[in-house]
Amino acid sequence: MAPAPAPVRRRSRGRTGDRLLFVYTWLIIAWLALPIFIMIMFGFNDTKGRYNQTWQGFTFKWYGRLLEIPALTEAVRNSLLIAVGTTVVAGALGTLVGLALGRYRFRGHGTTNFVMFAVIASPELVMGASLLSFFVYIGAGLGKTTILISHVMFSISFVAVVVRARVLTLDRYIEEAARDLGAGPWTTFRLVTWPMIFPAVLAGGLLAFVLSIDDFVITNFTAGTTTTFPLWIWGATRVGLPPQVNVMGTLIFAVGILIALASALSSRRRPS
Amino acid sequence: MKRRLAPYFLILPGGLWLLLFFVLPMGIMLSLSLMEGDVVSGYQMTFHWQTYVDGIQNYREQIVRSLIYGLITTVVQIILAFPIAYWIAFRGGRHKSTYLLLLLLPFFVSFVLRTISWRFVLTDEGLLLAPLKSAGLLPADFHIIGTAPAVIGGLVYNFLPFMILPIYVALERIDPRVVEAAKDLYATPVQVFTRVIFPLALPGVFAGVLMTFVPASSDYVNSAVLGSSGTTMIGQVIQSQYLTSQNYPTASALSFTLMAILLIGIFTYARALGTEDVLKVAAR
């Protein structure tokens, strides 16, 4: 593609302004990234005492001793299990809702849209509080199941919104053509609709996974004595965080970045 | 006939889940806030409105403080977010998505861990203050942790991308020809900004406010990690009423009050800055 002609600059002041904005943008990015940098760095800290707070030399040993704290390992395992469960359940239910909202006009369309919006806009604190009230009221024991229920609850809307956005951009004639060519409703869905909405289902599922694995507030209310990774960190803050937390955080960060880059690259290759 | 039922079948499982675990719990929380009793002997519905009166009276300070912190956070975020959203939308060129990914980096690290990281940087013997104090640049009794600016700073930090992204999306949609037209009609750069760009970005600002004011004023992580007893927010009160004191009626009443205040605030703001008015401002 030929480069677009550069707009003629009318004033040199505009240039200085641009340069200032450029520096400012990078300052904000650096500020946002600073805690990540510190987290990664102190995962390599050769700390001797219980407090991992001053730099005492470089080491890889915490990566080898990653699983030495059973309670932390258990918490991370819980987090992963719940996140996978949330991705599957909220991914499926949210996709169905997104399909209905994007494809059909029906009585209750507006109400459903409103509920989706309400879930996204409600303070997490209030949702967590109401779920705890509910579980206390019906006498349900708190644990992994109640965490999973609450994570699916807040993830459905996000998946539905992502899928709905994709369905709205689809050309309906493609499906009608498939039906004209003799495909039944199920074949049409499997061979035509599903491949077209799949990127959105994947994106929605990833979003559900990320929201679930990082959730603190709602989980804090619905976990009982079960711990997840964020809850374990919260509980350990008072006694000081071991370097293993930094290593876990670094690994989760690295995997997240890799998945984000992979999905960005694959969507770039696909002609849109 | 079958086709007309199709959307309902699609909605049924997800809708049922939300009805059962979103709508119903809200209703139960509301009724619990009007009951009297305790965990051991159970709760009886007595329409005890006094719980609300007492709750609001006892925790007025924390409620007001949360709203003020939320408001300051939102205003600071608009000021911080606008230039960066502007830069990426108008000058980002083909690196737009790279900049956006960089802004989203923090979300790959747990919210709690990020906040604790700030405590670690800002604490009295931490990376920032210890060198400055030993160099004599700051008095030895200078603190950041435990102060209101530390809590507000943490809130701004944690929710800033939620303000940048919607403003970016709104700015990105602006037709460059509109800006050119303004310039051709002899608008000064300041006029281009105040009369054209800012009004067109208002829907983005509105979405950003919605996505940051609500979580910021109901947050309890930042004030617990970065604050002190002088910066307690209502979220902390609700959390400890639920999880430590297990005083469910009071806790329910307080969270309902918080939600009502936030909803009223959002609706007032939406009316003051409604879409029609935004269009009117743009047309002026």
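**Exercise 1. Find the loop that holds B:Phe47 and decide whether this residue is buried or exposed.**

Solution. Begin with the position: B:Phe47 sits in the loop that runs between strand E2 (42-45) and helix H2 (50-58) of chain B, where helices (H or I, at least four residues) and strands (E, at least two) are DSSP runs, numbered from the N terminus. This is a predicted model, in which local features need pLDDT of at least 70, side-chain atom pairs count only at pLDDT 80 or more, and totals for chains, interfaces and linings use all residues. Residues are numbered from 1 along each chain as its sequence is written, while chains are lettered from A and ligands numbered from 1 in the order in which they are written.

Next, look at the backbone: B:Phe47 has a positive phi of about 50°, although this residue is not a glycine. Finally, apply the burial rule, by which a residue is buried if 20 or more other C-beta atoms lie within 10 Å of its own, exposed if 12 or fewer, and partly exposed in between, with C-beta atoms placed from the backbone. B:Phe47 counts as exposed because it has 9 C-beta neighbours inside 10 Å.

**Exercise 2. Carry out the same steps for B:Gln246, and state which class its C-beta neighbours give it.**

Solution. B:Gln246 belongs to the loop between H11 and H12 of chain B, and it also shows a positive phi of about 50° without being a glycine. Its 14 C-beta neighbours inside 10 Å are the reason why B:Gln246 counts as partly exposed.

**Exercise 3. Check the length of H3(B) against its number of residues, and locate its kink.**

Solution. The expected span of a helix is 1.5 Å times one less than its number of residues. The 32 residues of H3(B) should therefore span 46 Å, and the end C-alpha atoms are indeed 46 Å apart, which agrees. Then follow the axis: a kink of about 30° lies at B:Ala81, shortly before the proline B:Pro83, the bend at a residue being the angle between axes fitted to the seven residues ending there and the seven starting there. Just after H3(B), B:Gly93 takes a positive phi of about 55°.

**Exercise 4. Describe the largest nonpolar core, and name the partners of B:Ile167.**

Solution. A nonpolar core is a set of buried Ala, Val, Leu, Ile, Met, Phe, Trp, Tyr and Cys residues joined through C-beta atoms within 7 Å. The largest one has 139 residues, of which B:Ala85, B:Ile164 and B:Ile167 touch the most other members. Its largest share, 15 residues, comes from helix H7 (residues 148-172) of chain B.

For B:Ile167, use the contact rule, which asks that the C-beta atoms of two residues, placed from the backbone, lie within 7 Å. Leaving aside neighbours within four places in sequence, B:Ile167 is in contact with several residues, among them B:Ala81, B:Phe82 and B:Ala85, and also B:Ala201 and B:Val205.

**Exercise 5. Determine which helix of chain B gives the largest share of the side that touches chain A, and sort that side by class.**

Solution. First count the partners: 60 residues of chain B are in contact with 60 residues of chain A. On the side of chain B that touches chain A, H1(B) gives the largest share, 18 residues. By class, this side has 49 nonpolar, 9 polar and 2 charged residues, where Ala, Val, Leu, Ile, Met, Phe, Trp, Tyr, Cys and Pro count as nonpolar, Asp, Glu, Lys and Arg as charged, and the others, Gly among them, as polar.
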